[in-house]
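Work through the exercises below with the sequence and the coordinates open. Each task is followed by a solution in steps.

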Amino acid sequence: MKAHLVGGGLASLAAAASLIRDGGLLGSNITVYEAQEGLGGGMGMSGGPESGYVLPTGRVFESEYRCALELFSQVPSASDPHRSIRDEIVEFSERYGYFDVTHVMDRQGQAVSSPHYGLSRQDRLDLLKLALTPESRLDLRRIDEFFSPEFFETEFWFLWAPLMGCLPQHSAIEMRRFLYRFLHLLPDLSTMTQIYRTRFNQYEAITKPVVDWLGRQGVRFLTNALVTDVEFTPERDRLTANALHYRKECRTTVVDVAPEDIVLVTNGSQVADFSIGSMTAPAPLRLIGDSWRLWQRLAHARPGLGSPEIFFGKSHLQDTAWLTFTVTTSDPLFFELTTELTGSEPGRGGLMTFKDSGWIITLALFHQPEFVGQPDDVMVWWGYGIRPYEEGDFVKKPMVEATGAEILEETVRHLKFDRHVERIVDGSTCIPSLLPYAGSVWMTRGHEDRPDVVPDGATNFGFIGQFAEVAHETVFTMEYSVRTAREAVATLLKLEDRPPPVYQGHHDPQALYQALRSLAWNGAEPRVANRPRG
């Protein structure tokens with residue numbers, strides 16, 4: 001038996017590991033096809049101290065990522081072959097974990113801290129109403145259908161939205177799933193103390209060690225190889241792949257697939273068509289569509305394989321685009337000023353969101369070093385905007401049209417470091433990254449718009465990654481990618497060992513109690529309390 005895994009992101013890496021561990025496949029019988037030069041998908045990185053580091057994305061990670069932690073327990077860490085990735089993450093988080101003192105800031109540069117996260121009695125009733133609405137009744141419904149406009153100005157929303165990646169016009173289905181899936185995080189939403197962190201960026205701490213381990217097992221990685229088609233046998237009620245087409249160096253190759261082989265397709269990517277700008281140029285918009293064109297071809301040819309147009313396309317950009325930026329500097333001033341302002345120990349501050357920013361800027365100061373081999377005198381921090389088509393407050397243009405220098409200036413002015421703008425900008429390299437489809441997983445959808453991990457009638461074929469359907473689990477997470485892989489392998493190989501159940505906070509009495517307590521009604525309307533700067 002051979003396995004063909006389309007896409008070089010975490011889902012395919014997890015599928016390869018599961019095929020070896022659970023399915024007993026030899027690594028040499030597994031091929032991963034990746035259209036780009038590098039592996040890692042949404043957890044990639046590039047650049048360096050001279051040109052500026054580039055981290056397109058980051059992922060939240062916590063203790064109930066059951067499938068992900070299972071995988072990371074299997075793989076040695078990059079720093080110590082006698083410890084697993086999981087052990088390194090847990091140990092590092094215990095020593096240098098988040099304790100965010102200032103998470104949301106207002107237009108005056110003051111921290112926002114409110115009883116019950118600023119939620120009124122009606123807001124909490126509306127949250128309860130959404131949570132109690134069956135998912136089957138939420139097809140194509142938006143989050144803002146359930147809440148008043150005031151809800152989207154609360155501290156809760158500005159804690160929740162940048163962390164989870166959602167906007168008011170996004171899917172109520174996903175919002176409901178996130179409420180159940182992350183209920184246990186609610187009491188510590190502002191401090192982020194339950195969020196794990198990695199010793200280095202997630203590519204070097206997670207992706208690279210997994211790739212290296214799989215390579216030692218003999219797994220074949222075929223990069224710069226774009227899979228353009230999967231052929232199936234001509235049966236109406238069965239879905240059996242019998243050939244795979246890929247293009248490499250302008251040459252198309254057809255690979256025969258036997259009935260006992262497995263084909264798993266990552267059908268879409270949140271980092272599809274991402275581009276990089278510079279200090280003097282914005283990140284260009286380049287819509288190519290290769291990462292989801294295969295899914296489109298399959299869905300149009302066979303019923304029941306989802307609706308890629310729901311998630312991808314130029315008309316969706318206002319709802320799906322993110323713009324992230326990575327800042328590299330040898331001048332400690334920005335770190336010093338931000339630490340003094342927020343009261344958070346350097347590197348432990350988690351996320352900080354400017355609630356009144358047109359772009360909704362969020363930033364994070366990393367624990368240094370963030371990269372393997374990063375020079376001692378170099379510091380790196382990161383940020384993103386989830387409304388990049390809106391106009392900036394100081395730089396009067398949409399974020400997607402702003403250079404790295406302009407994005408950095410906008411951020412510094414929101415922090416009220418106006419007299420230090422020139423020094424900070426001149427002493428830094430800010431690299432913007434445009435991700436046209438980062439928020440695509442949140443698009444309003446129906447229950448058939450994402451295909452099942454193993455579609456009806458499939459005998460040797462499945463979908464993995466963020467656009468395959470797993471009941472109850474939440475997208476935009478490492479856990480989702482790994483769980484789809486585990487589900488696909490276990491189902492197609494008919495394994496008795498199934499993935500652990502998805503964590504559901506309302507089934508955890510302690511988590512439910514603590515969440516309700518943090519949101520409980522105390523008899524008075526919550527009032528915003530501003531913490532003085534410095």
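The exercises cover a sheet, a hairpin, two helices and one loop residue.

The model is predicted, so local features need pLDDT of at least 70 and side-chain atom pairs pLDDT 80 or more, while totals for chains, interfaces and linings use all residues. Residues are numbered from 1 along each chain as its sequence is written, and side-chain values use heavy atoms, with hydrogens and water left out.

**Exercise 1. The open sheet**

Task: Determine the strand order of the open sheet and state which strands stand at its edges.

Solution.
1. Take helices (H or I, at least four residues) and strands (E, at least two) as DSSP runs numbered from the N terminus. Two strands pair if DSSP finds at least two bridges between them.
2. The open sheet has 5 strands, in the order S7-S2-S1-S11-S18, with parallel pairing.
3. S7 (220-222) and S18 (461-464) each have a single partner strand, so one side of each lacks a neighbour in the sheet.
4. On average, neighbouring strands of this sheet are turned by 20° against each other, direction ignored. Axes here are lines fitted to C-alpha atoms, for helices over the stretch in contact; angles run from 0 to 180 degrees between N-to-C directions.
5. Within the sheet, S1 (residues 3-6) and S11 (residues 262-266) are joined in the parallel sense by 4 bridges. Leu 5 has Leu 264 in S11 as its bridge partner.
6. Helix H1 (residues 10-21) packs on the sheet and touches S1, S2 (30-33), S7, S11 and S18. The direction of H1 makes about 160° with that of S1. Contact means heavy atoms within 4.5 Å.

**Exercise 2. Antiparallel strands**

Task: Trace the pairing of S9 with S10 and describe the turn between them.

Solution.
1. S8 (residues 226-232) and S9 (residues 241-248) run antiparallel and are joined by 6 bridges. Glu 231 stands opposite Ala 243 in S9.
2. S9 also pairs with S10 (residues 251-256), in the antiparallel sense and over 6 bridges. Lys 248 has Arg 251 in S10 as its bridge partner.
3. S9 and S10 form a hairpin with 2 residues between them. In the turn, Glu 249 has a positive phi of about 55°.

**Exercise 3. Two helices**

Task: Find which residues of H4 are buried and how many residues of H6 are buried.

Solution.
1. Apply the cut-offs: buried is under 20% relative accessible area, exposed is over 50%, and partly exposed lies in between (1.4 Å probe, protein chains only).
2. In H4, the buried residues are Asp 123, Arg 124, Asp 126, Leu 127, Leu 130 and Ala 131. They cover an arc of only 155° around the axis, which puts them on the same side of H4; the arc is that of the directions from the helix axis to the C-beta atoms.
3. On the other side of H4, Lys 129 and Leu 132 are exposed.
4. The buried residues of H4 pack against H5, H6 and H14 (509-519).
5. In H6 (residues 172-181), 10 of the 10 residues are buried, so this helix is largely enclosed by the rest of the structure. Among them are Glu 174, Arg 176, Arg 177 and Arg 181.
6. The buried residues of H6 pack against H4 (121-132), H5 (155-164) and H13 (478-492).

**Exercise 4. A loop residue**

Task: Is Met 43 buried or exposed, and which residues does Met 43 touch?

Solution.
1. Met 43 is located in the loop between S2 and S3 (46-48).
2. Its relative accessible area is 6%, so Met 43 is buried.
3. Leaving out residues up to four places away in sequence, Met 43 touches Leu 10, Thr 57, Gln 202, Tyr 203, Ile 206, Thr 207 and Met 478.
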